[in-house]
Amino acid sequence: MTVPPLKKQRTHPETGNARIYEATASAPVNIAVIKYWGKRSEALMLPTNSSLSLTLDQDQLQSKTTVRVVVDADGKENDAALWLNGNREKLSGRVTALLARMRALRVAKEAKDASIPHLASKPLLIASVNNFPTAAGLASSASGLACLAFAVNAALQLELPPADISALARLGSGSACRSLFGGFVAWDMGSKPDGSDSVARQVASETHWPNMCALILVASATQKEMPSTAGMQTTVETSPLLQHRIQAVVPDRMVAIEKAIAARDFDSFAEITMRDSNQFHAVCLDTFPPIFYLNHVSHRVISLITMYNQVKSKSNGRKYTVAYTFDAGPNAVLYLLKEDVAEVLRLVNSYFPNGVDAASGSAVDEYYGLSKQFLKAGSKTVEESEKALEAEVSKGVKKFEESGGLKRIIYTTIGDGPRILGAGEAGEDVSLFTDAGVPK
């Protein structure tokens, strides 16, 4: 995509008057069902095992990033400034490496065509926002780095295909490479030392399994104690179970889950998903010293879904109705079919008191979001059936005693890959920068 310059002269406190090239993009969160944990190369962000994720609808969960290239600035060459959720942040080594690689691609393009604008070494202003908790187990780094790579590609007019942008995004955050595609996405670990075959690919599009949904039960919106990067490295160095997982378990699971997705076989998909989540956290516990990402709310969710599946299977003939999975944090992602969302949501409400049902409309909206549409009571027959179901489930699982165990519930579906929201003059309304060149 070719991005025209903004015609207006802007004054920025760091760059002065300048002609500006700008692009604003959004990118989705992805939640893995076959987990990536551990790197065989930190510099190239090469994983110890392949992984597979589902891309969630970015209208509900997204990172949004504006990248501004200031052409006639007085600043130093290759400068970059970053604001995350309105706060000025220091660029990490990974982000710096990603920007350097993308600038190098622009240098090569300018060397081939002297008539195009010289953008490669110009200062970059970057503003990014997430509409969900950052660093709380909802893959904010994946969507954020995918969005950054996608927006830089547009702002620097690199015109790279999604597969190439995905490989670049991986340098910033490994799982970011999966957020460059919609639907069901695999990240093949590859074997080449240069990482050229460690790439993401779309297994199935977002329309392949139209009634697949997700309920995210947010047990904590605070930053986790052990960041994923540090946790991974410690696991690689100390966990014997990780070696068994990457050699003997994951390869077969990748084949099996791709087969389940192709056939829309929910029972197989659910069992593989839950087993892999369990093993991922077992690997974390096998790390020395151990890493704890789940909390007491997470454990109760696992018990509730396990018992619910057992009870429900007696009436619907399916082995599983819901699949839980947990990334590196306490928040549960429940994958299920749309026709089961209402019953599962009401069951979750009955086991996790929230104190918002009788509150103001705004509190209900904040807690439930789009999932509020499933709260309406069913027919008398449905109500009686759910009461009987709840009674049966309660024989194996105690209700959560404390109100507020869950902070909010997010309902979403499977979605598409990154989008360009605006560029040049056409992107001013969606830009995260003001006319003065500071974050809005």
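What follows walks through the sheets, the helix packing and a few backbone details of a predicted model.

Residues are numbered from 1 along each chain as its sequence is written. Since the model is predicted, local features need pLDDT of at least 70 and side-chain atom pairs count only at pLDDT 80 or more, while totals for chains, interfaces and linings use all residues; side-chain values use heavy atoms, with hydrogens and water left out.

To start with confidence, the chain averages a pLDDT of 89 (pLDDT being the predictor's confidence in each residue, from 0 to 100), and 91% of the residues score at least 70. Residues 7-17 are a shakier stretch, with pLDDT under 50 throughout. For this stretch the model has 34 contacts beyond four places in sequence, where contact means heavy atoms within 4.5 Å.

Now for the sheets. Helices (H or I, at least four residues) and strands (E, at least two) are DSSP runs, numbered from the N terminus, and two strands pair if DSSP finds at least two bridges between them. One open sheet has four strands in the order 3-6-11-12, paired antiparallel. Its edges are strand 3 (30-34) and strand 12 (200-204), each of which pairs on one side only. From one strand to the next, the twist averages 35°. Further in, strand 6 (residues 51-55) and strand 11 (residues 184-187) run antiparallel and are joined by four bridges; Leu52, for instance, has Ala186 of strand 11 as its bridge partner.

Another open sheet, again of four strands, follows the order 14-15-13-16 with antiparallel pairing. Strand 14 (322-326) and strand 16 (408-413) each have a single partner strand, so one side of each is left without a neighbour in the sheet. Here the twist averages 25° from one strand to the next. Strand 13 (residues 212-218) is held to strand 16 by six bridges, and the two run antiparallel. In this pairing, Cys213 has Thr413 of strand 16 as its bridge partner.

Helix 6 (residues 266-286) has a part in both sheets' surroundings. In the 14-15-13-16 sheet, helix 6 touches strand 13, strand 14 and strand 15 (332-337), and its direction makes about 25° with that of strand 14. Helix 6 also lies across strand 3 and strand 6, running at about 95° to strand 3. For these angles and those below, axes are lines fitted to C-alpha atoms, for helices over the stretch in contact, and angles run from 0 to 180 degrees between N-to-C directions.

The helices pack on one another too. Helix 1 (residues 93-112) and helix 2 (residues 140-155) have axes 11 Å apart and an angle of about 25°. These two helices are therefore roughly parallel to each other; angles under 35 degrees count as roughly parallel, over 145 as roughly antiparallel, 65 to 115 as roughly perpendicular and the rest as oblique. The crossing of helix 1 and helix 2 is right-handed; a crossing is right-handed if the near helix is turned clockwise from the far one by less than a right angle, and left-handed if anticlockwise. On the helix 1 side the contact uses Val95, Leu98, Leu99 and Met102, and helix 2 brings Leu145, Leu148, Ala149, Val152 and Asn153. That makes eight nonpolar residues, one polar and no charged ones, where Ala, Val, Leu, Ile, Met, Phe, Trp, Tyr, Cys and Pro count as nonpolar, Asp, Glu, Lys and Arg as charged, and the others, Gly among them, as polar.

Helix 8 (residues 341-351) takes part in two packings. With helix 7, the axes come within 12 Å and cross at roughly 130°, so the two are oblique to each other, and the crossing is right-handed. Leu304, Tyr308 and Lys312 of helix 7 meet Glu343, Val344, Leu347, Val348 and Tyr351 of helix 8, which gives six nonpolar, no polar and two charged residues. With helix 10 (residues 380-393), the angle is about 50° and the axes are 11 Å apart; this pair is therefore oblique as well. Among the residues of helix 8 that meet helix 10 are Glu343, Leu347 and Tyr351. By class, the contact of helix 8 with helix 10 has five nonpolar, one polar and four charged residues.

Finally, two backbone details. Phe288 and Pro289 are joined by a cis peptide bond, with omega about -5°, and Pro289 sits in the loop between helix 6 and helix 7 (296-316). Asn85 has phi near 50°, a positive value in a residue other than glycine; its place is the loop between strand 8 (80-84) and strand 9 (87-89).
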